[in-house]
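Reader: Could you take me through one part of this model up close, and then show me how the rest fits around it? Plain talk is fine, I just want to be able to follow along on screen.

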Amino acid sequence: MNADFHRILTLLRKEKGVSQKQVAASLGISQALLSHYEKGIRECGLEFVVKVADYYGVSCDYLLGRSPDRAGLTLSVEDIPDSDEPGKQNIMQHGSIMPVLNKKLITNSLHIVFDMLAKGCNASLTKEVSSYIMVAVYKMFRKLYGLTPKNQSTMFSVSKVRYSQLCDAAMHESVADIDCLDQNVDLGDMRPLEDRDDFELTTQSLAENYPLFYSSLQNLISNVEDTLGKDSGKK
């Protein structure tokens, strides 16, 4: 069984907010056996995988860690083109494909974003978009770095108490500045947008201009909007 299966199995149950006893009863197995599946102590059969997929409303590919898309869009690492040097830092560790796959989706999508910025030739817009992305990466790196108390905080000059809120503020400021550029108001030192035709896009032009990267952008959009849809349903 895929190394991601037991982890995803546990996460889906916790996300659903149900106990092992409830899930086991619904799936027709003992709680002890479900516990073994979730811990990776025992492997289940394909029939059980199908039952679990139906129970949680996800695809078998998602359960097995073969796709980041819950509905069943199947992508292999090889299906997504490398954006960096061939094979560079694309080593899968601990049998998990998810970090590598998501890295490719994000990196390939960023190629399109920064190519659009290059065509737009607006230094202010490039600065704000780049700042937003860099702060987001910085924040997530610090979150991961902080998961282990042994890691030294001296690597950073901003305290761990302040950095998260300051990151949010900086990202909101970048969005506000981009909105000002869009509306040509309160520009200050920022250069106004001139030729907006540089940002005119269609799905056809995206596919033609970015044949290697457009599929990654499509999948990223689908994954994010799937998440946003679930979040809006919780409110």
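Author: Let's start with the buried side of H7, bearing in mind that this is a predicted model. The residues of H7 that count as buried are Ser124, Leu125, Glu128, Val129, Ser130, Val135, Lys139, Arg142 and Tyr145. What do they pack against? The buried residues of H7 sit against H6 and H8. A bit of helix geometry helps when you look at that list: an α-helix has 3.6 residues a turn, so residues three or four places apart point the same way.

Now look at the whole helix. H7 covers residues 123-145, and its 23 residues should span 33 Å at 1.5 Å a residue; the end C-alpha atoms are 32 Å apart, so the two values agree. At the N-terminal end of H7 you'll find a cap: a side-chain oxygen of Asn122 lies 3.1 Å from the backbone nitrogen of Ser124. Ser124 is also one of the buried residues of H7.

Step back along the chain and you reach H6, one of the packing partners of H7. Helix H6 runs over residues 98-120, 23 residues in total, and reaches 33 Å from its first C-alpha to its last, close to the 33 Å expected. Its buried residues are Met98, Val100, Leu101, Lys104, Leu105, Asn108, Ser109, Ile112, Met116, Leu117 and Gly120. Right after H6 comes Cys121, with a positive phi near 50°.

The other partner is H8, and the loop between helix H8 (163-183) and helix H9 (203-209) holds Asn184. Asn184 isn't a glycine, yet its phi is positive, near 55°. Asn184 counts as partly exposed because its relative accessibility is 39%. Asp186 is in the loop between H8 and H9 too, and has a positive phi of about 50° although it is not a glycine. Is Asp186 buried or exposed? With a relative accessible area of 69%, Asp186 is exposed, since the cut-off for that is over 50%.

Now for the nonpolar cores. The largest has 21 residues, and those with the most contacts inside it are Phe5, Leu9, Leu12, Phe48, Val52, Tyr56 and Leu63. Helix H1 (5-16), helix H2 (20-27), helix H3 (31-39), helix H4 (46-56) and helix H5 (60-63) each give two or more residues to this core. H4 gives the most, with five residues. Leu63 is a good one to click on: leaving aside neighbours within four places in sequence, Leu63 is in contact with Asp4, Phe5, Ile8, Leu12, Val49, Val52, Ala53 and Val58. Apart from the largest core lies another, of eight residues, among them Leu117, Leu125, Leu181 and Leu193. You've met two of those names already: Leu117 is a buried residue of H6, and Leu125 is a buried residue of H7.

How do the N-terminal helices cross? The axes of H1 and H3 come within 6 Å and cross at roughly 120°, and that makes H1 oblique to H3. His6, Leu9, Thr10 and Arg13 in H1 meet Leu34, Tyr37, Glu38 and Lys39 in H3. For H2 and H3, the axes come within 8 Å and cross at roughly 105°, so H2 and H3 are roughly perpendicular to each other. Here Gln20, Lys21, Val23 and Ala24 of H2 make the contact with Gln31, Leu34, Ser35 and Glu38 of H3.

Two polar residues in this area are worth a look. Arg13, in helix H1, is buried because its relative accessible area is 11%. A polar atom of the Arg13 side chain lies 3.3 Å from the backbone oxygen of Val18. Beyond neighbours within four places in sequence, Arg13 is in contact with Val18, Ser19, Gln20, Val23, Glu38 and Tyr56. Gln20, found in helix H2, counts as buried because its relative accessibility is 17%, and the cut-off is under 20%. Not counting residues up to four places away in sequence, Gln20 touches Arg13, Gln31, Leu34, Ser35 and Glu38.

Last, zoom out. The protein chain has 10 helices and zero strands, and 35% of its 235 residues count as buried. Of the contacts in the chain with a separation of 6 or more, 57% are between residues 24 or more positions apart.

Notes
Residues are numbered from 1 along each chain as its sequence is written. This is a predicted model: local features need pLDDT of at least 70, side-chain atom pairs count only at pLDDT 80 or more; totals for chains, interfaces and linings use all residues. Side-chain values use heavy atoms; hydrogens and water are left out. A nonpolar core is a set of buried Ala, Val, Leu, Ile, Met, Phe, Trp, Tyr and Cys residues joined through side-chain atoms within 4.5 Å. Buried means under 20% relative accessible area, exposed over 50%, partly exposed in between (1.4 Å probe, protein chains only). Helices (H or I, at least four residues) and strands (E, at least two) are DSSP runs, numbered from the N terminus. Contact means heavy atoms within 4.5 Å. The expected span of a helix is 1.5 Å times one less than its number of residues. A polar contact is a pair of N or O atoms within 3.5 Å; within protein, one must be able to donate a hydrogen and the other to accept it, and residues adjacent in sequence count only if both atoms are side-chain atoms. Axes are lines fitted to C-alpha atoms, for helices over the stretch in contact, and angles run from 0 to 180 degrees between N-to-C directions. Angles under 35 degrees count as roughly parallel, over 145 as roughly antiparallel, 65 to 115 as roughly perpendicular and the rest as oblique.
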